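Student: I would like to learn how to read a protein fold from its coordinates. Could we go through one together?
Tutor: Gladly; here it is.

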Amino acid sequence: MIVEPITTADVEHVAELHAQAFADFWSAREISALICGPGAFGLLAREAGGIAGFILCRTIADEAEILTLATAPVRRRCGVASGLTQAASSHVAGRGALRLFLEVAEDNLAAIALYRRLGFARVGVRLGYYSRPGGAISALVMRRELNR
């Protein structure tokens, strides 16, 4: 797996993968605008078969956040998300971030377990943050300390 920055040539493929991973997916235009914004960046995991996953992040002052992370369905539970999260953590630490935040749906037990293994701890809850067909679900706010 090779991790590299997302380029404008990758945005359509990234949007397709985001649509496979999330019901409320982002368009190529939204992703492009995001990665061109201040402090934002995206990393892509490439494998011989194509794009295995991606992560979009933003750094502001000494804090950073993971905005979204998606893995190709056939590459889930193969270390792609872990590798992308570790690469993003190193990248934001290099930009001076001391903490990395994220939100994760409280029913996404696999992602919560992954983030805990990577050193994230729950620091808050956003009630009714995600829309679901049966009603809204809360997001756990998690944080990882960096540069220690």
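Student: Which residue just after α4 takes a positive phi?
Tutor: G119 does, with a phi of about 95°. Before we go on, this is a predicted model, in which local features need pLDDT of at least 70, side-chain atom pairs count only at pLDDT 80 or more, and totals for chains, interfaces and linings use all residues. Residues are numbered from 1 along each chain as its sequence is written, and side-chain values use heavy atoms, with hydrogens and water left out. Helices (H or I, at least four residues) and strands (E, at least two) are DSSP runs, numbered from the N terminus.

Student: What is the order of the strands in the sheet?
Tutor: The general idea is that strands of a sheet pair through backbone hydrogen bonds, either parallel or antiparallel. Two strands count as paired if DSSP finds at least two bridges between them. Here an open sheet of seven strands runs in the order β1-β2-β3-β4-β5-β7-β6, with mixed pairing. β1 (2-5) and β6 (121-130) stand at the edges with a single partner strand each, so one side of each has no neighbour in the sheet. On average, neighbouring strands are turned by 25° against each other, direction ignored.

Student: How many bridges join β6 and β7?
Tutor: Six, and β6 pairs with β7 (residues 137-145) in the antiparallel sense. Along this pair, V125 stands opposite L140, and Y130 faces I137. The two strands form a hairpin with six residues between them, and G135 in the turn has a positive phi of about 130°.

Student: Where does α2 lie, and which of its residues are buried?
Tutor: Helix α2 (residues 28-35) lies across β2, β3 and β4, at about 120° to β2. That angle is taken between N-to-C directions, from 0 to 180 degrees, with axes fitted to C-alpha atoms, for helices over the stretch in contact. Its buried residues (under 20% relative accessible area; exposed is over 50%, partly exposed in between, with a 1.4 Å probe and protein chains only) are A28, I31, L34 and I35.

Student: Why do they fall on the same side of α2?
Tutor: An α-helix has 3.6 residues a turn, so residues three or four places apart point the same way. In α2 the buried residues cover an arc of only 130° around the axis, which puts them on the same side; the arc is that of the directions from the helix axis to the C-beta atoms. The face turned away from that side carries the exposed residues R29 and A33.

Student: Which residues of α4 are buried?
Tutor: In helix α4 (residues 109-117), they are A111, I112, L114 and Y115. These cover an arc of only 160°, which puts them on the same side of α4. L109, R116 and R117 are exposed on the other side. The buried residues pack against β4, α3 (80-94), β5 (99-105) and β7, where contact means heavy atoms within 4.5 Å.

Student: How many disulfides does a search of the whole structure find?
Tutor: Zero, where a disulfide is a pair of cysteine sulfur atoms within 2.5 Å. Take C57: the closest cysteine sulfur, in C36, is 15 Å from its own, too far for a bond. C57 is buried, at 0% relative accessible area, whereas C78 is partly exposed, at 42%.
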